[in-house]
Amino acid sequence: MNMILSIPILILIPCVISLILLSPLFTSNEVTIRRFAKSVCAFHFAYTILMLIFFDSANPYTANISFWGADWVQALGIKFSFKIDEISMILCALTSFVFLIASISSKFNIRKNHKFYYSMLLLLEAAIIGIFTSSDMFLFFLFWELEMIPAYFLIGGSFNYGAKNYDEERERAKKSAIKFILFTFSGSMFMLLGILLLHHYNFIINGVLSSCFTDINDSAIPMSIQLFIASCLLIGFGVKLPIIPLHTWLPDAHTNASTPVSMVLAGVLLKTGAYGIYRFNYETLPQSFQIIAPILAILAIINIIYTAFVCYAQTDIKRIVAYSSISNMGLILLSLCAFNKIGLAASVFHMIAHGLVTCGLFMITGIVYLRFKDRNINTLQGVAMVMPRLFGFAVLIVLASIGVPMFAPFISEILTIISAMNSELSFVIRISALLSLPLLILSSCYMLKFLHKGFYGELKEEYLKVNDLSVHEFVVLASILGGLLVFGLFPNSILSMIS
Amino acid sequence: MINDIFNILLPQVGLGIFIILLFILSMLLSPRCYKYARIISAVGISIAITLLSTVQTEPQYFGFRGSIMSDSYTLLFDFIILLCGFFTVLLTKNLVKTIKRNAFTFFALLLSAIMGAINVVSANDFLTLFVSIELLGFSTYFLISVSKGYYSKEAAFKYLITSAVSSGFFLFGVSYLYGITGSINFSQIYEYITDNETSLVYSVSAIMIVLGLASKLAVFPFANWIIDVYKGCETSILAFLSTIPKLAMFGIICRLMVFPLGNSFELTFVIAVLCLITAFWANTYAIRENNVKVIFACSASANASYALMTASLVSVYNLSTVIFYLLCYVIMNLGVFAFLNMFGEEKPFDVSNFSGIFHRNHGLTAAYALSVLSLAGIPVMSGFIAKIYLFTAISSSGFVFVPFLLGLLLLMVMALFYYLKVILPLFENYDKNNETVKIKANFSQQFVLYLTTGLTLFIGICPEFLIELCRFIAYNI
C-alpha cells in the first residue's frame, strides 16, 4: 500500500496539474478547465482520505527523495525528506477538503483568466501540503516561500467580480496582495535567520550536520541563543497566524480577495502559521517554548479580546469574518501555550473546526455579495426574506462559530480552556484561560450582529427577484455543515488520533 | 618562457590572435561584411574554450617567474567568463546592425575585454593584475559608448572617471603594501605576512586595494556610476557588463582575501559595513525607480554586496558559497538581459511599457519572470538555494555577524518589492488590438534565454553537483 499512497504523489498531483493547466497546449475552454480542476481536487481529496484510512501511527508515511544518489544539498545536510505524522495527516485532509470546496465554489466567483486562476489554486495546494508534510527545516522554508507567489496572484488577481466600482476594487485587491506578500516575506526572512542559526548551532554543539526536525537536539544549545532563535521563528509564524501587532495584512487580504480565495486563506493558510509554531517551537525547541509560552499566552489573549472588539465595530461583513478568524487563531495559540497533551489536541481540533466554520462564513458572505452587490451591514438587510435556504445555513454556521454544543468548535473551545487551566507552566496561562472565557460572549455579540443586521429587516424592492442557493453553493454549505456536525458529535474521531 | 606559454597561456594567445585578425579584417573588408564579425568572434571564443583544456592545473602552475598562475580555481573562472562572453556575442545581433561600419572593431574590443578578464583572474602579482584590469577597463569604456545617443557617451565617461579614481586607490594600496613587504608577488607577500606581525598600515593598504577592485562591482564609495552606466548602455553590453567584470573581480578579490590580504581583521569589518551600506542604498534606490535597466543596476550592486560581504568573512567554506552564488547569479542575469535584448531599444525601458506582454509571448515572458523571481530568491529556482547557501556562510561565521545577516535579509524584502514591480506588469490585462507587444526574437536570443532559465530551474531543483564542484574548487585554491 505504501507504494501507491506516497507523499511525493500527494504533492506532485496538484503541482503537475497546475503546470499542465498553465501550458498553452491545454484548452482555454472555461467549462473544461473548471471541471478538470474540480475533478483533480476531488481526486486529491479521495487520495488524502485513503491515506488517512490506511494511516498507521506506529508506521507513519515517510519519503526521502534523492537526486542520482545524492541528497538535496549534502554540504549542509539538507534532505528532500517528507514525513506525515498524525497532525500532518489531519491537516492534509483539511487542506484537501478546503481546496475541493473552494474549487466548487469558484464557479460563480471567477469570471476571467480561468487557466491562470485554477493553476495558481492548485500550486497553492501543493505548497501547503508541502509545508504540512516536510520533515526538513529548509524544505519547510522552501514550501513556505513557494506558497507566497500563487497566494499573491490569487489575492491580487481574482477580485470580487460584479462589484459596483470595478476598477477601484481591482486596485484595492492589488494593494492588499502587495501588503500580504511584503508582510509574509519579512516574516519569513526572520524565520530564515532562525533556521540558519538553529542549523548552525545544532551542528557546532551536537555535531550533526542535518536540518531534519528529528536530528535537532536543543538540550545543549545555550538558552539565550535558543530564545533568540525561537523569537525569530515566532515572528515568522506570527505574521501568518497572525499574532496581534503583525496582523494588519489579514483583514485587507481576506476582504479584497474573491470568495474561494478567502476560504482558502482563512481555512488553511493561517493554519500553516499554527502548524509552524507547533513543529518548530513546540516540538523542536521545547525548552525555550516553555519560557516564551506565558508571553505568548498574553499575546493570545490580546488577540482574542482585542480583535473581538474590533470585529464588533466593523461594518463590512467580510471584515467581520476576517477579524473573527484572527480572534479564533488566538484560541489556537493559547491552547498550544498550555504545553500539554490536551492543549495540542485542542489546537489541532480547533484548526479543523475553525477551518470549516470560516469557510462556511466566507461562503455565505460571498453568496450575499454576489446577489446583493453590497457588503455593508448597515445597508444590507432582509436577506432572509428572499434566501431562506441560505438563511438556514447561516444560522447554523453562525451558531457553530459561537460555540453552541453539537458543533465542532464547542468541543475545541472547551478543550482549550481545560488545557490552559491545567497548564503546569505558569500561572499566567491559567489566568489567560479565565480571561479567554469572555470570547464566548463576545463572539456571540459580533456574530449575532452579523446575522441580525444582515439577514433580518425590510428587503429593498430591487432585490425581490434574487435567487436562492444554487446546487453548487448548496453542496458546499451542506458539506461544511456536515463536517461541523460529525466532528461535533464524534470528536473522538480526531482526538483519538492525536492522543 | 616558451614552456610557460604552452602550459598556461594558450587561451589568451588564441583570443589575442583573433583580436589581431578582427582588427586586420576591419581594415580590409567592406562594411557590408559586418555579419562575419560576430561569427568570427564566436569562433574565437569557442577556440579559447577548447584551449582551456591545455592549461596546466595540477596542483598549481606558476608561469613567467610567478607573475601568472593557474589552478582549478582560475580554470573554472576562465571557463565561466568565456562562456558569458560567448553568450554576449550571441546577443549582439541587433546591436551589430546599428554599428555596421565598426562591427569588427567592436568585437575586437569585446574579445580584448574578455582576455583582460581572464588575465585578471590568473594574475599572481599586482603589476599583471593592474595591467589586466586596465585592459578590461579600457575595452569596456568603448563597449559602453558603442550605441548611439548622448546617454551612452555620458555613461562611458562616468565609468572612465570612476575607474580612474578607483585605480588610484588600488595603486595607493599596492604601493603601501610594497613598502611593507618589499614585493608585489602574491606568494611572496603571503609568505611575508605569515612570518611577520602585521600593522595598521597593512590593513589600510588591504582596504584600499579591495576598494579599488570593488569599484567594478559598484560597492559603496564607488557605487553611483552603475545607475547611469546601466541606463545608457545597450542591453547586450549590459549582459557583458553585469557578468564578466564581476566574475573577474570576484575571482581576484577572493584569492587576495585568502592569501596576501588575509591577515587583516579590519578589512573584514570595513568591507562588511560598506557592503551593508551598499545593499541598503541600492535596494532603497530601486524602490522608487521605474526604469527596468536601473532596477537591474541596483539589483546588480546589491547582489554583489551580498557576495562580497560573505567573501570578506574569509574561510574556505565561505569561498565555495560565494562561487556558487556567483555562478547562479551570472546565469540568472544572462537570462534577464537576453529578454531585455529581445524587447529592443526602440521604446524606453519603463515598467509600464512591459504591461500585458505575457499574453502574446507566453514562453519568453514566463522564462524572464522565472529568472527575475530567481533573483528575488523565490524557490524552486537556483536563486533560492544560492541565497540560503550564501547566508549559511554568514550565520556560521559567528554571532557578531548576525545583525549584518538580519540587515541583509530585511533588505531582501525590499528587493522582492522591486522585482515584483518588474514582473507584475507583464501579466496585466491589455488591449487585444494592440499589435506592438509581440516580441520578435531571433534564434540566438531565444537560445540564451531558454538555456539560462532551464539551468536556473535545474540548479534550483538539484544543486548538489554544482555545490560539490564549488566545494572542490574552493578547497583546492
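What share of the contacts in chain B with a separation of 6 or more comes from residues 24 or more positions apart? Select chain B and keep that in mind: the share is 82%, where two residues are in contact if their C-beta atoms, placed from the backbone, lie within 7 Å.

Before you click further, know that this is a predicted model, where local features need pLDDT of at least 70, side-chain atom pairs count only at pLDDT 80 or more, and totals for chains, interfaces and linings use all residues. Residues are numbered from 1 along each chain as its sequence is written, while chains are lettered from A and ligands numbered from 1 in the order in which they are written.

**Stop 1: chain B**

Stay on chain B and switch to cartoon view. You'll find 21 helices and two strands; helices (H or I, at least four residues) and strands (E, at least two) are DSSP runs, numbered from the N terminus. Turn the chain around: its C-alpha trace spans about 75 × 60 × 40 Å along the principal axes. A compact globule with 477 residues would have a radius of gyration near 23 Å, and the 21 Å of chain B agrees with that. (The radius is taken over C-alpha atoms, and the globule rule is 2.2 Å times the number of residues to the power 0.38.)

Of those 477 residues, 59% are buried, meaning that 20 or more other C-beta atoms lie within 10 Å of a residue's own, with C-beta atoms placed from the backbone.

Now colour by pLDDT, the predictor's confidence in each residue, from 0 to 100. Chain B has a mean of 89, and 98% of its residues reach 70 or more. Pick out helix α4 (residues 72-91) of chain B, which has the highest mean among the chain's elements, 93. Then find helix α1 (residues 2-8) of chain B, which has the lowest, 83.

**Stop 2: chain A**

Select chain A next. It holds 20 helices and two strands. Its radius of gyration is 22 Å, close to the 23 Å that the globule rule gives for 499 residues, so chain A is as compact as a globular protein of that length. Buried residues make up 58% of chain A.

Zoom in on the strands. Strand β1 (residues 61-65) of chain A runs antiparallel to β2(A), and five bridges join them; strands pair if DSSP finds at least two bridges between them. Click Asn64(A) and look across to its bridge partner in β2(A), Ser81(A). Strand β2 (residues 80-84) of chain A is mostly covered, with four of its five residues buried.

**Stop 3: two domains in chain A**

Colour domain 1 (1-255 + 273-284) and domain 2 (310-499) of chain A separately; the bounds come from an automatic or database domain assignment. Their centres, taken over C-alpha atoms, are 24 Å apart. Where they touch, domain 1 of chain A gives 28 residues and domain 2 of chain A gives 30. On the domain 1 side, α3 (86-109), α9 (249-256) and α10 (259-284) of chain A each supply at least two residues. The largest share, 12 residues, comes from α3(A).

**Stop 4: where the chains meet**

Finally, show both chains. Each of chain A and chain B puts 24 residues into the contact. On chain A's side, highlight α5 (137-146) and α7 (166-206), the elements that give two or more residues. Here α7(A) gives the most, with 10 residues. For the whole complex, the predictor gives an ipTM of 0.91 and a pTM of 0.93.

How values were computed
A residue is buried if 20 or more other C-beta atoms lie within 10 Å of its own, exposed if 12 or fewer, and partly exposed in between; C-beta atoms are placed from the backbone.
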